[in-house]
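Biologist: Could you take me through one part of this model in a close look? I would like to hear about the largest cavity and what surrounds it.

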Amino acid sequence: MEDKSLSHPRIGVFVCHCGINIGAYVKVPDVVEYAKQLPNVVHAERNLFTCSEEGISAIKKGIKEHNLNRVVVASCTPRTHEPLFRAACEEAGLNKYLFEFVNIRDQCSWVHMREPEKATEKASDLIRMGVAKARLLQPLEEIEMKVAPAALVIGGGVVGMEAALNLANQGFDVHLVEKESELGGLLRSVNKLFPANQEAVKLVKPLAEKVKKHLKIKTHLSSKVKQVTGFIGSFNVTLDGKGKDNEFTVGTIVVAVGAEPLRPTGQYSYGKMPNVITQLELEERMKKGEAAGQNVVMINCVGARIPERTYCSRICCMTAIKNAFLIKESNPKAKVWILHRDLMTYGVDFENYYRKAMELGVRFIRYSLERLPEVIGNGKVEKVRVYHELLRREIELACDTLVLTTPLVPAADNQDISKVLKVSLDEFGFLLEAHLKLRPVEFAMDGIYICGSARWPTDVTEGISQAYAAASKAAGPLRMGFVKAEAINAFVNEDECSGCGVCEVLCPYQAIEIQSRGEKRVSHINEAVCKGCGTCGAACPSGAISMHHFTDEQILAQVEALFS
Amino acid sequence: MSKSENGRKAVLVIGGGIAGIQASLDLANMGFKVYLVEKSPSIGGRMAQLDKTFPTNDCAMCILAPKMIEANSHHNIELLTCSEVEKVSGEIGKFKVKIRRKASFVDWEKCTGCGLCVEGCPVIVPNEFDQGIGSRKAIYLYFAQAVPKKCVIDKREDRPCKAACMDACPAHTNVPGYIKLIAEGQYKAAYKLIRETNPFPASVGRVCYAPCQEACNRGQMDEPLCIRDLKRVPGDQWNIEELEVPVVAKTGKKVAIVGAGPAGLSAANDLALKGHSVTVFEALPEPGGMLRVGIPEYRLPRKVLGQEIGYIQKLGVEIKTGVRVGKDVAPAKLKKDYDAIFVGIGAHGGMKLGVEGEDISGVMEGIEFLRDVSLGRKVNVGKKVAVIGGGNTAIDCARTAKRLGAKEVTIVYRRSRAEMPASKEEVTAAEHEGIKIELLTTPTRFFGESKKLVRMECVRMKLGEPDASGRPRPIPVKGSEFAIAVDTVIAALGQVSETDFVKELGVSLSKRGTVEVDVKTGATNVEGVFAGGDVVTGPAFVIDAVAEGKKAARSIHQYLMGQPIGDEEPGKEPDKLSEEEVEEVKARVPARNKVEMREEPVDERTEDFREVALGYSPEEATEEAMRCLAGCIEGCIQCHECERRCEPKAIVYDMKDETITLDVGAIVVASGLGLYDVSSLTEYGYGRIQNVITAMEFERLTAASGPTMGVLRRASDGRIPENIAFIQCVGSRDFRNKNYCSSVCCMHATKEAMLAFEHHPGTKSAIFYMDMRAVGKRFQEYIARAKKEYNVTYIRGRPGRIEVNPENGNLVIWYEETVSGEVKCFETELVVLAQAMVPQITKELARILGIELDEDGFVKVRDKLVQPLDTTRPGIFACGYVHSPRDIPDSVTQASGAAGRAAEAITGGK
C-alpha cells in the first residue's frame, strides 16, 4: 500500500487572503515567502479567495505543475471548506487525505485584529505546524461495504407492519419478526381509536392481511430474535427457532417492539375491589359490547408523574377522554367523570376532541398529587371522594365503575433487544435514540432504527409516522447498495496491546471486541463500525491504539514544529 | 430552462427549515435527486432563530448547522433559496413544477459571503430574522451562519432620481448613502461613508462649491437638496475624535508627499490605509494648504480642520511642517529615501495686476493677505478697502478686511455680476455684511502720498465678444475714468504654483507652469513621481484636489505593489430627469422646500472670525435629508456602495427573477410555522406596552448572535430583568383566536425561563398556564429541574389584564389563581407571551399544489389514522408544523416519514 513516491514529500502551500478578511491583518505575501523556505515545500502561492473557481483551479494546477503529493491550504475553517479543498485534490489525482487544513482566519486574523504583526507571526507558526503534519500524511481509503438488500423489522404491531410495508413496497425483502402468534400487537386489545373513533380491528386486520400477502415480506410469528452479529450492510440474524428459515442476513434493522400498559399494584383498591379496572380492561369490555356502568369515574396519571415514575406517558389523557366519550355516546344518561392532573390534549385534534367530550357532558375535575382522590366503599367502590378546586371543597362522586388510567411502560423485550443488538436503554428503560432532538428514530449504531412506543409512548398516528421515518432511514443504505466506512478510524498495535478491555467498554459504537491471538488477548477494532471518535485511543493505558490521520507521530511533529 | 435529470427519481421539498432539511437529507441518502425550495435567502427556518432547544438545552445552531452544511454539500441536493413554487401540474410520479427564483442581485457564484458590502451599506431596515428587534442593511446576510452563505440585496423599487449628485462630484462621494444615514441620525456611519471618498467631510461640508447640488435631480422638481449643508452635519452632531483607527498591516514601502494641502493629505490618507509609511513635507508652519491659509476662519473653523488632519496623523502619517522641499530638503534626497513621491504643492503664488503704482504700500496681493491673516501674522488694513477680482478669494479678502476693522469695503470686478466666479451664496453673504460691489470696473493706476496709498483710478468696462475662457471680453470705455479714495487695495486675481523644486526632480511642466501628468493616473514623466491638485490643474476647488490626491494614491499603491497602474473607471456625466420623469416624481413625492441653515446675525459676526453658518440641528438635518429622492424609497437606494466594496465583483443590480421548471416524482411540503399576531389580544398590551414581548422575540434577545449579543434587556430602560412572567396560551386554546393547542409553548417557556436564569443567575420566573403539557421524553423531568434549580414557579391561572407601574415601568399582572380561586396581582419586570403558532402555508400555495387545508389552515391529510403524512393529492406529502402543531423531534420524525412515503410513492408503492 505504501506509495514510494510519497516518502519524498512535495508540499504545496496555498495561503488565502479571503479578500481582506485575512489579508488586511495577516501579511499574506510574507507568510507565503515564509512557507516557501519550509522543508519539503516546493510551491507556495497566495489567492484572493482560495475557495473561488480561480483558487480551486490554482490548487489543481499547482498539484500538476509542481508534482505535489501533499497540499496545505491556510484559510478559513475546515468545518465549511475542507470538503471543497479535499475534492480539489481528488480531482487532481491526489488522495484527499493528503490534504491538510490550517485555519488562519478564525485563529489569526479574527482574534488578533488589533495586533497584525502577531497575527502574521502566528499564521506562519500554524503553517509550519501544518506542513510538519502534511509531511507525514498517508493516503487513506474509505472502505466500501456491500449492503444486503433486505431488512429486519422486529415487532409485528401496527408500527412494525407499516415499517415493513413501506420497505417492501420499495422493493426490499423484509423479515418481520413477531413474538406472538398473531400480528397486531397491543391494538388487538383496543376497542376504538381516537380521534375518529374508528374500530382498531378495522385498522389492524387489513394491515395484517396486506403484510401476509406481500411477496416481499417474510413474517416470522411466535419468534424472537436470538442473536445478531455483524454491522450495517450485513447483519447476521438468528431467530430462536431452528431451521434454515431462522437464519438470514439483512442490511438494516428496524425495532418496533412497542410498550405495555402498567398494571396497577393495589392503587385505588385495584385487585381488591372488583369494579376497579384499567382503561385497557375497559376497552376489552366495551369491545365485547358490555356496558361500562351508569356512574363511571376515571382517575388519570395512576402510576405516572409520581416520584417513582416521573414521566408522562403522552397518550393516556386521550385514552381516558376517548373512552369517556364512547360511554357518553352510547349511553347519554351515564355520568362520566375524569379526575386528572394536567390534561395533555396537545395539538389540534386532541384539543377539539376534548372540547367535544365536554359538550357531550363528560365532567373534568382536576386533582393534585397533594390531595389524591379517595375510594369509598365496602367490598366494592361506591363513591370516590375528591377535592373540587372550583367549589373549594371535597365532593363525593357516585361510582359503579372506577377506571384507572395507567401509563405505558417499557416492554420486557427492551432488555433483550438491548442485549441482542447492543443498543442502549434510557433511564426509564425505553430504548435510547442517537439524539433526542435531531436523530429520534436512529440508534447511535449505524444501520439500526427505532420507532413506536419502544422508544417513547406514542399514539397510533405518531407511531405510523415514525414507522415511515425509520423505514426511510433503513431504506437509504439498501437503496444505495453500499455504505462507506469512515477512513479516519482507530487501529491497534497488537504487540503493545495488553488486552485489558478498557477500549471495549468505552467505545460508544460497539466497534471494539477483545479477541484471542493464541495465548494473548488483544483488542480488535471493526473498521466498518468505527467512527474515529478517538475515545479508545485516548483511554488506552498501553498507548496501543492510534487514529489514522491523527497518529502520534503526526501530532508530535506538529508540536515539535511549534516549539522549533 | 427545464431540469429533467433523473426525472422520476427527483423529489421537490418545499421549506428549508429543519423538517425540509431532514426530508431532503433522507431522500438524498436514498439516492434521489432533491430540489429544496426555500423562500428566504437561507435554509435553517425557525430553528435557526432559536437560542437553545428543550429539553437538552443544546444550542440550536450548533446542532442545526451541521445539517444545513450537509444539505448544502450533498451531491444529491440542489438548494433553491429565494425561491417559490409558482405552478404544479402533472401527477404522482410525473409532476412538473415551475419555480420562481427571485433575484438576489448578487452573483452567488462569485459572492464569498465576506460581508464587506454589508458594512458599507447605508440603508438600515428592521431585521426580520431578529423578529424586527435589531436591524440589518439593505444588502445583507440572512444571518451569521446562513447557508448558502451569500449576500442578497433587498431591492424593492427603483430609485426615482438618477443620483446625478454622485456623478457630478469630482470625488464621486456616495451622496444618497450618507444623506440616508443622516436622515436616520446615523452620524458616525455617515461620516465614515463620506470619508471613504473624502477625508475632510466636515471641512468640505463647509466650503465646497457643491457641484452635486447643482446636478441634484430634486432641483428639477422644487429645490435641490442642500447637500453641502447636510454633509457637515455628521461632524457637527458627532465627535470626530471618536473615530476609531483601523489596524493595518504595514507594507514597508515609504512615500514622500510634498504639500499638506487637500490633495497631499488625501493621498497620504489613502496610502496610510494601504499600509505604506507616509511622510508629508509642508513649507508653511501649519498643515492644511488652502484649507488652512486660503479659506478664512469664519467659513472653516481651525478646530474642525485640525480634527480632520489630526485623524490622518493618527493613521500614522508624519507631517513635517516648516520644511520647504528644494530649500530645506534636497529633491534628490527624497528620491533616494522614498519609494514614491507625490507632488501636491498647490498654487500659493499671487498674481500681479500689472498696473502703475502697484508697489505703493497699501497695495497687497490677496492670497498672501489671507495667508498672513490665517497664520496670525501682522497685517495692516486701513479704513477704506478695495478688493480687485470677482472670485471666491476676492470675497474672502473683502469679508476678512471687514472683520479686521475696515469701515468701507468695495469689490471691484471688471465684468458683470453674471460672470463673477464666486459662489452666489458667498456674494450674497458679503453684501449682507455691507460690502459694496463695483461691477464693470477695473483699476488703471494707484496714487500714493508719503509712500502711502490714497487713491485708485479706475475705468468703466463694457462687455464684448467672448474670449478664450468663453466669457465676454471686458473692454474699457474710453473717457469713463474715475477715482476712488482708498487706503488699502487687495488684488485677488488668481494663483500660480511655485514649481522650482519640481523641475529639479526632472518633471516636465506645461506652458502654464503646471506639472504635466497622465490625467488618468497622476503619473509624471519621472518614474515614481506623481502629482495632483492645483499644481496640475491650476487653481481649482478643494473637492477637486481631494479627488486628484486619491487618484494619485491609487496609482502610487499599484506602482508600489508592482501592479499595473490602471485607469480609474471613467465617471459618467450627471443625468437629468426627462420631463415625464419629473412629472412622475412630482406625483410620487410631495413638494417641499429646503430647510434654510441659520446664520450668526450680521452685526455680530463681522466683529470677529466666528463661524457664520450655524449648521443644522438634528431635526432640521433629518427634515432636509428626507427630501433626498433616492432616500425616500424602501429598501436598497441603489447607491452602489456595495458594488464599490465587493472585491469579487458579485453585485448585479439589474438581475431579474428567473423561472425554472423541474420534473419531480413527489413533493414534500414542509413550510413550517408562522407566528400569530397577538396584538389583537389587547388585555396583554403587546405592541402597546414596551416590556411585553413575544417568546420568539425573547429567543432572539438571548441568542448570542442576536441583536443584543445575548444580553436580555427590557426595552423601556435597558435594565436586565430579574423577575420575568411568562403567559401561556396567548391566542391558543382560545375560542376568540385559535382553538387548538400550539403544542410547544409549555416547554418553550420553561426553556426560556431557564435561559433567563443562565444568562443572569438568580432571575426568578413565573409561568402562568392552564395545563402544563410536557409529554415528550424527559419533559416532566425538565420541568422538575426548572422548579428546583432555576427559580421557576408555575402558576395555574389565566391573567386577565396587564397594567404598567408608571414609577418603574414594571408590569402588574391581574389574574385569578385557579387553585385558590382568588384574584391576585403580581408585579414583574418583563412579560413574555407564548404567542400561538400557525401553519405557514398560504391558500394560494395550497391552490397551486392542489392540496386542501383544514379550517385552521393546516394541511389536510387523507386519513388521519392510517395515512397521516399523505395530503389530499396523491404524491404530495406534508410534515412538520404545517402538518400539525409539533416540536422539533416530532417534526424531524415526520420529515423522515414523509421522505419514506415519497420514496415509496415514486418507486411504485402506494
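Modeller: Happy to; here is the cavity, followed by the interface, the cores and a few single residues. A word on the ground rules: this is a predicted model, in which local features need pLDDT of at least 70, side-chain atom pairs count only at pLDDT 80 or more, and totals for chains, interfaces and linings use all residues. Residues are numbered from 1 along each chain as its sequence is written, chains are lettered from A and ligands numbered from 1 in the order in which they are written, and side-chain values use heavy atoms, with hydrogens and water left out.

Rolling a probe the size of a water molecule over the atoms shows where empty space is left. Here a cavity is a set of points, on a 1 Å grid over the protein atoms alone, where a 1.4 Å probe fits but cannot get out; lining residues have an atom within 4 Å of a point. Grid points are joined across faces, edges and corners, and a volume is the space filled by probe spheres set on the points. The count comes to 12 cavities of 30 Å³ or more, and the largest holds about 120 Å³ of space. It is lined by 14 residues, of which A:Arg455, B:Gly776, B:Lys777, B:Pro889 and B:Asp890 are the closest to its centre. By class, the lining has five nonpolar, three polar and six charged residues; Ala, Val, Leu, Ile, Met, Phe, Trp, Tyr, Cys and Pro count as nonpolar, Asp, Glu, Lys and Arg as charged, and the others, Gly among them, as polar. Helix H12 (460–480) of chain A and helix H30 (888–906) of chain B each supply at least two lining residues. Helices (H or I, at least four residues) and strands (E, at least two) are DSSP runs, numbered from the N terminus.

Now to the interface. In all, 74 residues of chain A are in contact (heavy atoms within 4.5 Å) with 74 residues of chain B. The area buried between the two chains is about 6,200 Å², with carbon and sulfur atoms giving 56%; buried area is the accessible area (1.4 Å probe) that two parts lose on being put together, summed over both. A:Leu436, A:Lys437 and A:Leu438 supply 13% of the area that chain A buries against chain B, more than any other three residues.

The cores come next. A nonpolar core is a set of buried Ala, Val, Leu, Ile, Met, Phe, Trp, Tyr and Cys residues joined through side-chain atoms within 4.5 Å, where buried means under 20% relative accessible area, exposed over 50% and partly exposed in between (1.4 Å probe, protein chains only). The largest has 142 residues, and A:Leu167 and B:Leu27 are among those that touch the most other members. Not counting residues up to four places away in sequence, A:Leu167 touches residues including A:Phe172, A:Ala471 and A:Leu478.

Finally, back to chain B, where buried residues make up 61% of the 910 residues. B:Lys777, from the cavity lining, lies 51 Å from B:Lys649, C-alpha to C-alpha, with their positions 128 residues apart in sequence. B:Lys649 counts as exposed because its relative accessibility is 56%. B:Ser374, in helix H16 (residues 366–374), counts as buried because its relative accessibility is 13%.

Note on methods. On a 1 Å grid over the protein atoms alone, a cavity is a set of points where a 1.4 Å probe fits but cannot get out, and a pocket is an open set with protein on both sides within 12 Å along at least five of seven lines; lining residues have an atom within 4 Å of a point.
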